[in-house]
Every structure is written in structure tokens, then in C-alpha cells.
Amino acid sequence: MALVEVKVPDIGDFKDVEIIELLVKPGDTVKAEQSLVTVESDKASMEIPSSHAGVVKELKVKLGDKINEGTLLLVIEAAGAASPVRAEPVEAPRAAASAPIAASTSTSSARTESSATASSGAVVDVVIPDIGDFDEVAVIEVFIKPGDTIKAEQSLITVESDKASMEIPSSHAGVVKDLKVKVGDKVKKGSLIATVQAAAGAAAAPVRAEPVEAPAQAASTPSTSSGRTEGGAARAEGGAGRAEGVTLPAHEPSVLQTNLPHASPSIRKFARELGVPLDEVKGSGPKGRITQDDVQAFVKTVLSGAQQTKAQAAKAPAGGAASGGAGFPGLLPWPQVDFTKFGPVERRDLSRIKKISGANLHRNWVMIPHVTNHDDADITDLEAFRVQLNKENEKSGVKVTMLAFLIKACVAALKKFPEFNASLDGEQLVLKQYVHIGFAADTPNGLMVPVIRDADKKGILQISKEMSELAGKAREGKLGPAEMTGGCFSISSLGGIGGTYFTPIINAPEVAILGVCKSATRPVWDGKAFQPRLMLPLSLSWDHRVIDGASAARFNTYLAQILGDFRRILL
């Protein structure tokens, strides 16, 4: 096999264009016409294809290099004969994946001249000019509507093949009388776009179909009523992006999209295959360009539940959207602040657990009407019994904590007040015949809630042993899904840290949660004198759709009574 030099082919009027993406590396096997690099000028970007198939032996360029026709890109160990190729302008992404169009396009589209001068008020046909090798290309954007006043060379529509897209400008100035195309139509040279009542003395302008530039992260330019700048100048000085408009998921084929993402054709094809809305993906490449890694990272966050697409958020129940006001009409957008203006900062990614739990907690807090009752339990005698129990069972290796007694006390309270051991399913209440209790475990990666199953069938020592095992697994990140699901009621204990009272968030689909803070010795009046008693603060949050205030007060009172005299659990 011979070594072949692959150079930049004729790229039209582009000079000293910058390489912004390298699409291959040494050792890669490439096909003829496979894209090798992406280059970008101030108005457009294009992919440079390979003239040969084979294995890449050496790259001769790097990111940021400026290239021209004839610049050496790489050396290939050729597998066959050369294939004549052209550099293709990068398409502007559309709002949907349409069937691939077998077309290749030259970057130097021929101009179409009209020799006539329209008389005042004359109705003229505006047609597709010579757009190179395009044949039966799809209309992906329509920028005008009947009644709009347009200028000569103003962009009217955008068409797209499988490798490039371009804007079709008007040959005349005047008022649009009738629009002859719509999004999704297939057009070619000579296809009628619109009829225009020409302005007085308006000569037909020489027009050229312009490749759509990849939008840069610059300030958007003011738009006309048709969503474009005057004269079709959707490009600001230095390659600024399109005028700001409505953005929709990339897989919505029937809707106009005017704020287009910045990505190469291969990345857009990859996103379409995965159903990824590119306008919701944040690009990490030069000038905000979206890379394959960005698309893959977006898919991972959506699958993990840490992020929703706009389409998912629109289908979600009201109040289920992520922070920032999404899903809450009328709310101001989340403030965008450059914190570095006020002092030094450090940025850290949220852990996977916090991303997932954060979305769940936000949903629960917004969708569940929370009410929290606070109370105190006298655990003086129970704590003395716990200390004695640990001394007697010191050799067993099982340490009994106050949380184990709390779980057993909650089991008794749930049996006495079954509406607390329930879940809301539409307009029905599901009353559970089992008692699984979840307890919040603090781990280095965030909060996790292991579940003690059938807590009503287990004693204090067995519950203590299982709690210790599950908490250890949680800290090591080894908890399985089955060990964190199926809970009926949860307990969030801050007893080892401090605090007095707080408002725990209910863990849906449960209807209540108990928050416990650090016990403290307080003077309590016994009818004759103040006595030092160890008091445990209780905070019970409950779902007001299922539970009323009187039931919640009774639950808390009963729970405090059991903790005050644990013999009551036998009754």
C-alpha cells in the first residue's frame, strides 16, 4: 500500500480558514469522502473530506491552524484509488431529522441574474436560483409570510441536503403576496418560492444562495417581524449568531427553528439518531461548538434523571420541572450571575446522587402540600434502658442506637394510624399491609435512604444490626436498588449532629416523614417541681391531601407517649 498525502481541495472563496475540529487521529481507518477536519470562517463552516481511503499514518495539522487550498492535512496508507471530492459547507441544523438527501454542493454557488426591471406594482415570481448541485432539497426554514415587506437579497427560506444547507435570497424587493412553499417541501432550481408585488423601479438583484453560518456565541441582532434582520442580514459583524427566536427540540420536524445550535453535520446526524434536541445541549468546543462528547454527556444526564429535555418537562405534571422557573408560567428566569466579579470562586460538579436526589426533592416539595408538626418526647427512661442494653450485649458486637427504638415506635404508630402507611394513586388511597421503614444515611456522596423491610416483624437488636449493615453499604456506594425502594415511611435523624426542629421533605410516594434532632436535657415541670428530663425534638411532615391536622397531632402525641414509656408498644 502506498503512502498518500491528503491535501485541502478547492474550497471556493475561503482563505486562511481556521481548523476548529479534528475528526480523525493516527491509526484511524477512513473512507474516501469521510470528513477529516472542520474549518470555519467568519460566515460559514465546512468539513474537509478525504480524497483516499486507508489508514491515517500522520496528522500534519492541529486545532487552530489556518489552512488554504493545497495545505497538507495528513498522510494516509491508501487502500485504493483517489476519489474526487469537494469540501462541503456545514449544514445549519434543522428542527428534525428528515430523510438523507443525496446531494453534494459547491461552496461557490452560481448567481442568478434577472434582466428585467419590475414596473411599479407588478407582481413577479421569486424562484430558486442556481444553487449548484442541489437536487430536490428540503425546506427547513421559512422566514417570510404574506404581507411582509422584503428587500432584494433578503433571505426567504433555508434549504438543506444531507451535507449542507443554505439560505435562498429574494431577487426582488416588494411586498409578499403569496407564499408557495412550506417547511418540509422539496425544491430545486426554478421552484417558485413566492409572488412579490415589486416596489416601484425595483431592479431584480443578482442573488446568491449563501451557506448558513454556524451561529457564534455573540449578541443576537434585532429581528424583523419575519424573525430575520433587515435585508436578510442574519449575520452580525464577525459572524454573530442568528436573531434570538423560539427554540424547539431538534426532533420536531414541523416547527420553524430560528436559534440554531453550532455543530457539524456528523454531530447533528449523531444527535438525530439518538433523538437529542441539539438546541438544549451546551457545546464545549471552540465558540460553543457541540461535540460528540457533549451529546453523549447530555444523554447520560437525561437517562440518569438529573436533567429533562424541554419535551419531557412539557409532558411532566405541573411543578415537576427543574429549578430556574421552568414549568412555572410567569416566574422570572433563574438569575445569571458572574460571581467572579465579586471575588475568587471555585466550581465543583454536583455528585450523581445529589443531581438525582435534588430533582426528586424539588418535585416532592412543589407537588406535595407539606405541613409540619413539632413535638417533644421524653426519652429519659428509654435512653437509660438503651445504655444498659448496650452494656449487656457488648460482646455481641451489635450497638443499639436511639434510631432503632424510633423505627420500632413508628411501626406501632403506623399500625394505629394506617393513613400514614399509605400512598396516593390518583383519586385512590393505597393502604399498605406491610411496614418498610426508610432511614436517611449521610454518605460522602450525599444523602441515601436504605429501607428496613418488614420492620414490624423484627426486634430492636435485628433492626440495629440491619441498620449498621445498610449504612455501611451506603457509605461505600454499594447499596442496590432493592435496598432503597418500597419504603412506607421515612425517618431523617440529625441526632448525632445537632439542631432543634426542621421541616423534612416527604419522600414520594410516601405521605409522611419524621425528622429527629439532637436530644437535650431540659427542666420539665412534674406538677410539684422542675425535673431534669432528656427531651427529643420531633418534626413530622405530612401530605395534607391525605392527612389532616388532627390526625397528625394524634400521631405525634402517640409516638411521644411510646418513646416516653416503651412498655406501651406491647399494648
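Contact here means that heavy atoms lie within 4.5 Å, and this meaning applies wherever packing is described on the tour of this predicted model.

**The whole chain**

Begin with the entire protein chain selected and coloured by secondary structure, which shows eight helices and 29 strands. Of the 571 residues in the chain, 45% are buried, and the accessible surface comes to about 28,700 Å², with 53% of that area belonging to carbon and sulfur atoms. If contacts are restricted to residues at least 6 apart in sequence, 65% of them join residues at least 24 apart.

**Helix 5**

Next, select residues 380-392, which make up helix 5. At 1.5 Å a residue, these 13 residues should span 18 Å, and the end C-alpha atoms are 19 Å apart, which agrees. Now show the side chains of Leu382, Glu383, Arg386, Leu389 and Asn390, the buried residues of this helix. Because they cover an arc of only 120° around the axis, they are on the same side of helix 5. Turn to the other side, and Lys391 and Glu392 are found there, exposed.

To see what the buried residues of helix 5 pack against, add helix 6 (402-416), strand 29 (530-543) and helix 8 (549-564) to the selection.

**Helix 7**

Keep helix 6 in view and move on to residues 460-476, which form helix 7. The expected span of its 17 residues, at 1.5 Å a residue, is 24 Å, and its end C-alpha atoms are 24 Å apart, so the two values agree. The buried residues to highlight are Ile460, Ile463, Ser464, Glu466, Met467, Leu470, Ala471, Gly472 and Ala474. What covers them includes helix 6 together with strand 22 (437-439), strand 23 (441-443), strand 24 (446-448) and strand 25 (451-452). Before leaving this region, select Gly477, just after helix 7, where the backbone takes a positive phi of about 70°.

**A patch on the surface**

Finally, switch to a surface representation and select Val337, Phe339, Phe342 and Val345, which form a nonpolar patch with about 420 Å² of accessible area together. To place one member of this patch along the chain, look for Val337 in the loop between helix 3 (310-315) and helix 4 (352-367). Is Val337 buried, exposed or partly exposed? Its relative accessible area is 37%, and Val337 is therefore partly exposed, since that class lies between the cut-offs of under 20% for buried and over 50% for exposed.

Technical notes: Residues are numbered from 1 along each chain as its sequence is written. This is a predicted model: local features need pLDDT of at least 70, side-chain atom pairs count only at pLDDT 80 or more; totals for chains, interfaces and linings use all residues. Side-chain values use heavy atoms; hydrogens and water are left out. Helices (H or I, at least four residues) and strands (E, at least two) are DSSP runs, numbered from the N terminus. Buried means under 20% relative accessible area, exposed over 50%, partly exposed in between (1.4 Å probe, protein chains only). Accessible areas come from the Shrake-Rupley method with a 1.4 Å probe; for residues, only the protein chains shown count as cover. The expected span of a helix is 1.5 Å times one less than its number of residues. The arc is that of the directions from the helix axis to the C-beta atoms. Patches are made of residues with over 30% relative accessible area and no salt bridge: like charges are joined within 9 Å, nonpolar side chains (Val, Leu, Ile, Met, Phe, Trp, Tyr) within 5 Å. A salt bridge is a side-chain nitrogen of Lys or Arg within 4 Å of a carboxyl oxygen of Asp or Glu.
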